[in-house]
Amino acid sequence: MEGPSAPSIASAGEAVARIAYASSDVVVSVQPSLATDSEFAPFLRSLSASKKAGVVAKQPEILPVRYNADPLLSVFQPIRSGKLVSVTASSPILVKSIPHLYKLAQYPVVIHVSVQPSGFPDYSDITSIRQSGFTFIQSETLQEAQDLAITAHALAIKSGKGVIHFFDSESIAMSKVIPAESEELLRSVLDLGAVKAFQSTPSGESSLYADDGRVAHLSLARSQANATTVGEPTGRVSPATDGKTLTLPDRSSARESTEGSSRRESSTTSAKSSSAGTSVESLEHKQISSDEIFQFATAIWNTISTSTGRLYTPFEYTGPDTAEAALLLFGADTALFAQEIDSVASTTQYAGAGIITVRLYRPWLGRVMVESLPKSLKRIAVLEQVRRKTTKWGPLLLDLLMSLKTGGHNPTTVVGHQLGYISQSTVGQALRGVFQNLLSDSPIQNLQIGKLDGPQDRPRPAKLEQPAIENPYVKMLQQVFDQRLLVANQLGKSHAGISQEISSGPEYGFGSLLARKEHRKRFIEEVQAAAKSRDFITDSPQQWLSRWALVADDEEKAGALATEVISRLSNDGSSVASQLLSSKGLFYKESPWLIGSDAWAYDLGNSGVHHVLASGENVNMLIIDSQPYSERAAADAARRKKDIGLYAMNFGNAYVASVAVYGSYTQVLEAMIEADKFDGPSVIIAYLPYEKENDSAITVLQETKKAIDSGYWPLYRWNPRGDEKGEPNFQLDSERIKKELEEFLRRDNYLSQLMKRHPDFSANLSASYGSEVRQLQKRKAKDAYSKLLDGLAGDPMTVLFASDNGNAENLAKRLARRGKARGLKTLVMAMDDYPLEDLASEQNVVILTSTAGQGEFPQNGRTFWETVRDSTDIDLATVKFSIFALGDSHYWPRKEDKIYYNKPGKDLHSRFVTLGGKPLTECGLGDDQDPDAYQTGYAEWEPQLWQALGVDKVEGLPDEPPPITNEDIKIESNYLRGTIAEGLKDTSTGAISAADQQLTKFHGTYMQDDRDLRDERKAQGLEPAYSFMIRCRLAGGVATPKQWLQMDEISTKLGNETMKLTTRQTFQFHGIVKGKLRPAMQAINRALMTTIAACGDVNRNVMCSSLPQQSVYHSEVHAVSQKISDHLLPSTTAYHEIWLKDEETKEKTQVAGNAIVDHEPLYGPTYLPRKFKITIAIPPHNDTDVYAHDIGLIAIKGSDGHLVGFNLLAGGGMGVTHNNKKTYPRTGSMLGYVPKETVHIACEKVMLVQRDHGDRKNRKHARLKYTMDDMGVDVFKGKVEELWDDKFQEPRPFKFDSNIDTFGWQKDEHGNNHFTFFIENGRIEDTADFPMKTGLIEIAKVHKGEFRLTGNQHLILSSVADADLPTMKELMAKYKLDNTNFSALRLSSSACVAFPTCGLAMAESERYLPELITKLEGVIEETGLRQDSIVMRMTGCPNGCARPWLAEVAFVGKAFGAYNMYLGGGYHGHRLNKLYRSSIKEEEILEIMKPLLKRYAIERNEGERFGDFCIRIGMIKPTTEGKTFHEDTAEVESDEE
Ligand code: SF4
């Protein structure tokens, strides 16, 4: 590390962090909070980020831990598993960690401690733990901090015992910069043999509940014996071997020039003594003695001295050999004292005094100390900077006295002083004071020197704060218990005279709850007495008080009376009334809670949880666990808080729940209510995983889901008295580990034993289960293949693929088939399913990989690639290989991003070459931009492969069957039956077959998998978390309140507790697992809705403007939407058979076989080539985006105010494929006017022309929009009219003025009221901040009108009579549903679902758009645009579900975190936008949007819309029709290469 470019080190934090990193497997970085760095943290992070190798570990792990989260607990798991652990921390954690310190002292852990508070540290943090068994080393300068940090690690490794290295960073900060440490020196000092020995022998201890009995002994240190020589601690030091003067570094150098002064070192073993080394073998299994520590330290310091010339000793005396007086300094700035003593005239009292400093504080080597002192010393003043005194005499004073006594040195006087703050300007005065006292005849002990309260400008220590991210649980408690909530240990609450640290602790909180309970008891007595007294002025209080006193213990009744009682008392005015009112909170039966972090409960024998449980008191505890899920966390038994749950259940008397607010909001609510009701202790362990306090909600959500899904954090509730009420005691609310936990509970009496044996019970089981099974599966699959191949002749060819969308997989399978036909023994599998240990023994390996994201491997090839990339011991010398890559050379159009093109394939090719593999061909490159897309490159590559394998000239190859298409699937399905019914019964998988996945779309359901969980599940060898999305068919988006409640119930009971209101005005449910699919379908049908043809190649849900202002007119138009919807419904009976027939009655079905032949008069057996969408807009509102659908109907009002007919647009559509210019969005073309009576027939005929003329070969070209453009609008119209036998009339005039919703209250023509709620992106869910779902349930329960879903994903509470308004308004206010006070930008925004459920999503959308808008709202406010609506839309892929191409500004997902940006759409959805920038990330989006919005605010014309403005100022060209969408884009694509 040292060398010309070696960095210079400027702070103790940096010096120490570097050594800790180099010398550890794991560095526990204790930080004020996860968002606030310690003085060590930035250096650790940057070392880790640079992937720098350490001396002990290749890639040391940094583990950040909050300082108040019991940080030293994190040391146990890694160190017990054979990892060398160090800790960087500040001193206040030490005293709180005493129980851990005693145990950790027996491990080779190093704790680097910066003594606090900075500027005036209190060394009592060190002296209080001096008996903990650790070795203590102190540094006073920057160079020492580096050298002694090295010493600390070397000593820990040698002795096997813990070392605490402490220093005052602030005084060290005065030191000059030093060069970085020498790696060579580190290597020579650290006993790497001992390191290996330690790493290979995990200790196996696991219990934290009792002393684990571990004792460090020398077997750990065995290997050091050979490297280290051990001498007797005889005292005297030989000078450094090079004979140079020893120098005190930096500021004390002034001392050395003083004539006659010398430095005396306590002891050493010189290089000479090495031959006399004692073999450590003889010490083996003996506990470490202080002498041995001394010997090790001395040897280490000798090595350092040899290499650097700097010699260290346990104690150091500087000053004249003849000095009669000396100072023993501890915690003081030695250099400050030294300079002062050296600089004064010889007549000064303290001139010529010696200074003794302590470097090895523990073990205290008294004899060594004494021998380091000149015999001339008569008086010693001990100066200790120890503020919190626990003994009468200073600890150093006692140490010294004892040493002098036993060491036979007897200075006449030793005087202790308590040292306060001394600065350069006061040091002289302080020394005068000390020496006057020291030299006096009767010196005073414990004299205070300097300012005991420290420097004036001392920075305040950081305030304890509950991280904001943890607020959801507290908010929920507030929502649920409102006035009744009593959080005993709430931060920020004032507790007279009690520090926050204490008052926020569990013990204090518990105590105060008990006191509060007593208080209430007395209060009830007071009330009873008052009720009988005659002290009130008015009459009513007495009566109310006695009524209240009777029900005081019933929380509901007492609460219900409380308000009345309080109001009577308030009106009374008597002193007894005011007396009672002074405790008015006690009229409510409070719900008493203690809230804490998991730190309370780590060591159960010693914790708040245990105390509360043991007390049996009716107290509720909410323990928040913030440890993110990871394999490490899962493996860390000690950190698994669900053990608290098991512990509490085992205790027997407590209600226990394990919950996660980002997992199931409903379950948290239930648990809180049940805990409150439970008479006895309740423990809710609540999950909220985060790395940093400013982690985004998406991250927390994803972590939570992984933890629940993997079984690491099961959701459950346990009520030990459930059976008394005939309810189960245990309720599991999540899926995984169900069996284990159930079994566990069944064997009730095994609970405690199992806890003892496996405190890491389920997580470990499930974690190891995963990886083992995965290995086994790989092996099995490969072996099965090999078996199949046995007996076949020909060379082997192993074909591996990594594929996201199936292309690479299909190609690979076809290649394998073709290889087989050529006589090769072929095996084909996904890269990640292949057992890598076999790779080196393959003969021919062929890999096909597509390209994901920014040049990444697809999901099922990542692990393979990472292992091949990182491994150094794979030898491919005998392996021949060929790679074919699939990608898109224009996907990342910027020149600098060209490297992403086919990166995985290219990288793999060169890595294989590096590992010695022999390429059979060049790396093949398939490019989506080629005329035949990737097939062009493939057609060149495959023949080369056959040639290289010598099988190119094989004759008589069989014909290959054509690939199966969607059209084949439809034909074969027997009118959409397929094997859906059988698939539903198969419980061995959560999935259904690929063909059925196409068919179920026609039934309104898609199979999806939770993409947040894909990686984790894959790592565990599990199939993806499959579930289904169900979409309802709801013409015009109108639902009754009853239907709303039914829908809500389906989402809660069968889905993922949320509903999505879609851009096509219907309900969508997510997360419905296969087993719940039929019940969900039946429930939807019971609600008189259906899902048939909600998806699939048929006419979908028919939309209709929601028009709250004109309800009569709306109902006329809505009736037409319903009519069209019914008219175009498929006729197949398969839907009814599969989903609705009752299994119970065993009603005969025709599902199996072809017993019934359905008939589809409109669709025929192959249905439509692609999906078909119809919408109706009622001018002037284009809220359904009439131009974006296959058919858009514009309602025309007659002169009588009633509907007369429609202008019919056809050929609109949104779906596009990135970089495929043959695909484009299109706005509908006007075909003409149709009267309302025949409009459904006109729609039918348009659909039939598309049925017969749409492209059935290429699904990317199958929508009506392409048919129309290919045919020409007039020809198309002609065909429709021909089939219809009627004509379109001239279109009637109409005018649109916007495509967004109008929020808030509006009145219709009958005086009824309508309120449009702002439902961000259509997601109906409860959060701690906004219990919207619950609120809507309450509203639906009393609502007499209807609900209308809008095409912008919002919701209208329709037709509220004036009489019902107050109730509605009250409910809306209660649930914050009346808030529409958002920026107009937010109100006009819309996003599709995308992650985690949409399988096509390339980037986040619904979860991200709100965040992006928040980031833009600053500029919006600044520029006065808050009320100006700008239509902004986002989708996760170019499929266009939120109709992005009609927005004024749109973002369409391109890869994770990257979006294409479009500008210039028409405000009322009439003009398509155009590509402005491609693949930009948030930073660039903000860089473009912020100045653009400012410009718009300043430069726009009166009434000018944002999209129009962008065109006028030349930012973007207008898109005049779909076909020109790709022309004149703002970004010129690079045509390099
Ligand atoms: S636009 Fe794409 S990402 Fe968004 S929901 Fe539709 S298919 Fe999924």
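**Figure 1. An open sheet of five strands follows the order β30-β31-β34-β33-β42, and its pairing is antiparallel.** At the edges stand β30 (1005–1009) and β42 (1323–1324), and because each has a single partner strand, one side of each is left without a neighbour in the sheet. Two strands are taken to pair if DSSP finds at least two bridges between them, while strands (E, at least two residues) and helices (H or I, at least four residues) are DSSP runs numbered from the N terminus. β30 and strand β31 (residues 1026–1031) run antiparallel and are joined by five bridges, and Tyr1006 has Met1029 in β31 as its bridge partner. Helix α40 (residues 1041–1054) lies across β33 (1059–1061), β34 (1067–1072) and β42, running at about 15° to β34; for such angles, axes are lines fitted to C-alpha atoms, for helices over the stretch in contact, and the angles run from 0 to 180 degrees between N-to-C directions.

The model shown is predicted, so that local features need pLDDT of at least 70 and side-chain atom pairs count only at pLDDT 80 or more, whereas totals for chains, interfaces and linings use all residues. Residues are numbered from 1 along each chain as its sequence is written, and side-chain values use heavy atoms, with hydrogens and water left out.

**Figure 2. The protein chain as a whole has 52 helices and 49 strands.** Of its 1537 residues, 58% are buried, where buried means under 20% relative accessible area, exposed means over 50%, and partly exposed lies in between (1.4 Å probe, protein chains only). The accessible surface of the protein chain comes to about 61,200 Å², with 50% belonging to carbon and sulfur atoms; accessible areas come from the Shrake-Rupley method with a 1.4 Å probe, and for residues only the protein chains shown count as cover. Among contacts in the protein chain with a separation of 6 or more, 76% are between residues 24 or more positions apart, a contact meaning heavy atoms within 4.5 Å.

**Figure 3. Asp1097 and Arg1259 meet through their side chains in a salt bridge (3.0 Å, N to O).** This pair links distant parts of the chain, 162 residues apart, with Asp1097 in the loop between α41 (1077–1086) and β35 (1099–1102) and Arg1259 in the loop between α44 (1239–1253) and α45 (1264–1271). Asp1097 counts as buried because its relative accessibility is 4%, whereas Arg1259, at 31%, counts as partly exposed. A salt bridge is a side-chain nitrogen of Lys or Arg within 4 Å of a carboxyl oxygen of Asp or Glu, and the structure holds 55 of them.

**Figure 4. Asp1190 and Arg1263 form a salt bridge in which the closest N and O atoms are 2.8 Å apart.** Here too the pair links distant parts of the chain, Asp1190 being in the loop between β36 (1172–1177) and β37 (1191–1197) and Arg1263 in the loop between α44 and α45, 73 residues apart. Asp1190 counts as buried at 0% relative accessibility, and Arg1263 counts as buried at 6%.

**Figure 5. Gln1109 and Gln1306 are 197 residues apart in sequence and 6.4 Å apart in space, C-alpha to C-alpha.** Gln1109 lies in the loop between β35 and α42 (1111–1127), and because its relative accessibility is 22%, Gln1109 counts as partly exposed. When neighbours within four places in sequence are left aside, Gln1109 is in contact with His1181, Gln1306, Lys1307, Asp1308 and Glu1309.

**Figure 6. A cis peptide bond joins Pro1179 and Pro1180, and Leu976 and Arg1443 have positive phi values.** Most residues other than glycine have a negative phi, and most peptide bonds are trans. For the bond between Pro1179 and Pro1180, omega is about 5°, and Pro1180 is found in the loop between β36 and β37. The peptide bond from Gln116 to Pro117 is also cis, with omega near -5°, and Pro117 lies in the loop between β5 (110–114) and α6 (124–127). Leu976, which is not a glycine, has a phi of about 75° and sits in the loop between α36 (966–972) and α37 (980–985), where Leu976 is buried with a relative accessible area of 2%. Arg1443, likewise not a glycine, has a phi of about 50°; its place is in the loop between β46 (1432–1435) and β47 (1449–1455), and Arg1443 is buried, with a relative accessible area of 4%.
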